[in-house]
Amino acid sequence: MEPQTTTPLLQPRWRRHLRLKTSLLSELSGAVGDLGTFIPIILTLTLVSHLDLSTTLIFTSFYNIATGLLFGLPMPVQPMKSIAAVAVSESPHLTPSQIAAAGMSTAATLLFLGGTGLMSVFYKYIPLPVVRGVQLSQGLAFAFSAIKYIRFDQDFVQSKSTGSRTWLGLDGLVVALSAILFLVLSTGSGTAVAENEEPNASDSVSNRRLKKRLGFLSAIPAALLVFLLGLVLCFVRDPSIIKDLKFGPSRIKVLKITLDDWKIGFFRAAIPQIPLSVLNSVIAVCKLSGDLFPNHEISATRVSISVGLMNLFGCWFGAMPVCHGAGGLAGQYRFGARSGMSVVFLGIGKLAIGLVFGNSFVRILNEFPIGILGVLLLFAGIELAMASRDMNTKEESFVMLVCAAVSLTGSSAALGFGCGIVLFLLLKLRSMEFDGIWFCNMCNSSNKSSVDEEEALAPVS
């Protein structure tokens, strides 16, 4: 009898995760919503640190498929940004073995925090205004980077802007601004008004026309069309790409990681990455999942363990260290993703590219219009930043804005988080009642003696 009770409980859960919660085109459009951060980082690591692109695409495809089926939400798989920044911006550049060591060190920390339940404790007791401050800073940081991608030519190898982008051309301002115009007209501000409201007989003619028009516009897979435009422009910009493409994946092999690689990877890259992963990849993404999907808030323990297992497995083979980023979730939701099938589709696409084109796919990525990537990143960043709009009191907004400001100017989410926690505690301390505490008793007795002295000095009428 026991198998009969367990099997029916498991099957519906998997079926629910395999169901589309919106149209197929919307899920496909949402699937590319986080590529504005994924493509620039993976391209830079491939060119500068000689990351194996084929291995990364194959392993991240497995991660996408697994997380889509396990979480049932468009849970993103994104590069660990701090590790990537250290790997390409500091000299000497990190080697693939050192990058892997940094990723596994971060993964082991998150696996420990998740396995022991400490991550759930952090998630429960970290004040919401502080989390919103981290989300706001990350969202604005994405938006600022996106504006740079749109306005200026980029040299990802040198991690800097090289000059103002021209108006005309296949990667000019006109192309980027046209993409922005198309996305705004088709998706609006990101609200899903037409998703749940259908025209009915009681509506006026104008309202029925409005709902019909909004329903048509929301059904357009806007981000997918913009991304496909970018792929077409790759071959138009450099037709010789076709000759350089080679079929078949690269050989997957286990990395040799020395003790020095572990030391360099941990101290240079893992230490700045760990607080960012705890805050943005676990705490912020869980809070955001509750905002976007009120009946399906993800467990911080499960997310932490997921990040740990992915990297402890894939990094040994040279795959890029990855995490679940709040910005990726915001971007995918912004462009239509509502179920785990969205990232499953993305995983299938990555797997096909990794197996068919292998490392030669870097030629296509190198020609992808940076302005279009900036457009996708801009909408993802704004969507993440808008999660902070629920701070209703001045005190909550004060903590959130200070946390965000410190995070942005100090380029450290950990620093902003620490300042936010201290500020939150100071404000709570200020508003607490201290009845029975010696200091307050002393203040009360001092005030009482002052009043007695004033009464004694007052003239008798």
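1. Arg 268 counts as partly exposed in this model, at 22% relative accessibility, and it should be said at the outset that the model is a predicted one. The side chain of Arg 268 meets that of Glu 90 in a salt bridge, with 3.5 Å from N to O. Because Glu 90 lies in the loop between H5 and helix H6 (96-115) while Arg 268 belongs to helix H14, the pair ties together parts that are 178 residues apart in sequence. Glu 90 is likewise partly exposed, its relative accessible area being 34%, and since the category runs from 20% to 50%, the value for Arg 268, 22%, falls inside it.

2. The loop that holds Glu 90 deserves a second look. Pro 92 also lies in the loop between H5 and H6, and the peptide bond that leads from Ser 91 to Pro 92 is cis, with omega near -5°. A reader who inspects the backbone here may wish to keep the salt bridge between Glu 90 and Arg 268 in view as well.

3. A further salt bridge joins Asp 390 to Arg 132, whose closest N and O atoms are 2.8 Å apart. Asp 390 sits in the loop between helix H19 (370-385) and H20, and Arg 132 sits in helix H8, so this pair ties together parts that are 258 residues apart in sequence. The two partners are set in unlike surroundings: Asp 390 counts as partly exposed at 30% relative accessibility, whereas Arg 132 counts as buried at 1%. Asp 291 belongs to the picture too, for Arg 132, Asp 291 and Asp 390 are linked in a network of salt bridges.

4. Arg 165 and Asp 171 form another salt bridge through their side chains, at 2.8 Å from N to O. Arg 165 counts as buried, with a relative accessibility of 5%, and Asp 171 also counts as buried, at 14%. Over the whole structure, the search finds nine salt bridges, and the pairs described above are among them. As general background, side chains of opposite charge can pair when their charged atoms come close.

5. Two positive side chains lie over aromatic rings. Lys 350 is placed over the face of Phe 38, at 4.0 Å from the ring centre, and Arg 334 over the face of Phe 335, at 5.9 Å from the ring centre. Because the distance limit for such a contact is 6 Å, the placement of Arg 334 at 5.9 Å should be read with that cut-off in mind.

6. Turning to contacts between rings, the count comes to twelve aromatic pairs. Ring pairs also link Phe 59, Phe 62, Phe 313 and Phe 317 into a cluster.

7. The largest pocket has a volume of about 1,200 Å³. It is lined by 34 residues, of which Ile 41, Lys 81, Ala 85, Ala 141 and Ser 145 are the closest to its centre. The lining divides into 17 nonpolar, 14 polar and three charged residues. Several elements each supply at least two residues of this lining, namely helix H3 (35-48), helix H5 (81-89), helix H8 (128-151), strand S3 (160-164), helix H14 (259-292), helix H20 (394-409) and helix H21 (413-431). Helix H8 and helix H14 have therefore appeared already in this note, the former as the place of Arg 132 and the latter as the place of Arg 268.

8. Two approaches between residues remote in sequence involve helix H6 or helix H15. Ala 108, which has its place in helix H6, is 203 residues from Asn 311 in sequence, yet their C-alpha atoms are 8.6 Å apart in space; Ala 108 is partly exposed, with a relative accessible area of 38%. Ser 306, placed in helix H15 (residues 300-314), is 192 residues from Gly 114 in sequence and 8.9 Å from it in space, again from C-alpha to C-alpha. Ser 306 counts as buried, at 12% relative accessibility.

9. A last backbone point concerns His 50, which has a positive phi of about 60° although it is not a glycine. His 50 is found in the loop between H3 and helix H4 (53-71), and at 62% relative accessibility it counts as exposed.

Notes
Residues are numbered from 1 along each chain as its sequence is written. This is a predicted model: local features need pLDDT of at least 70, side-chain atom pairs count only at pLDDT 80 or more; totals for chains, interfaces and linings use all residues. Side-chain values use heavy atoms; hydrogens and water are left out. On a 1 Å grid over the protein atoms alone, a cavity is a set of points where a 1.4 Å probe fits but cannot get out, and a pocket is an open set with protein on both sides within 12 Å along at least five of seven lines; lining residues have an atom within 4 Å of a point. Grid points are joined across faces, edges and corners, and a volume is the space filled by probe spheres set on the points. Helices (H or I, at least four residues) and strands (E, at least two) are DSSP runs, numbered from the N terminus. Ala, Val, Leu, Ile, Met, Phe, Trp, Tyr, Cys and Pro count as nonpolar, Asp, Glu, Lys and Arg as charged, and the others, Gly among them, as polar. Rings of Phe, Tyr and Trp (its six-membered ring) pair if their centres lie within 6.5 Å; planes under 30 degrees apart count as stacked, over 60 as edge-to-face and the rest as tilted. A charge sits over a ring if NZ of Lys or CZ of Arg is within 6 Å of the ring centre and within 35 degrees of the ring normal. A salt bridge is a side-chain nitrogen of Lys or Arg within 4 Å of a carboxyl oxygen of Asp or Glu. Buried means under 20% relative accessible area, exposed over 50%, partly exposed in between (1.4 Å probe, protein chains only).
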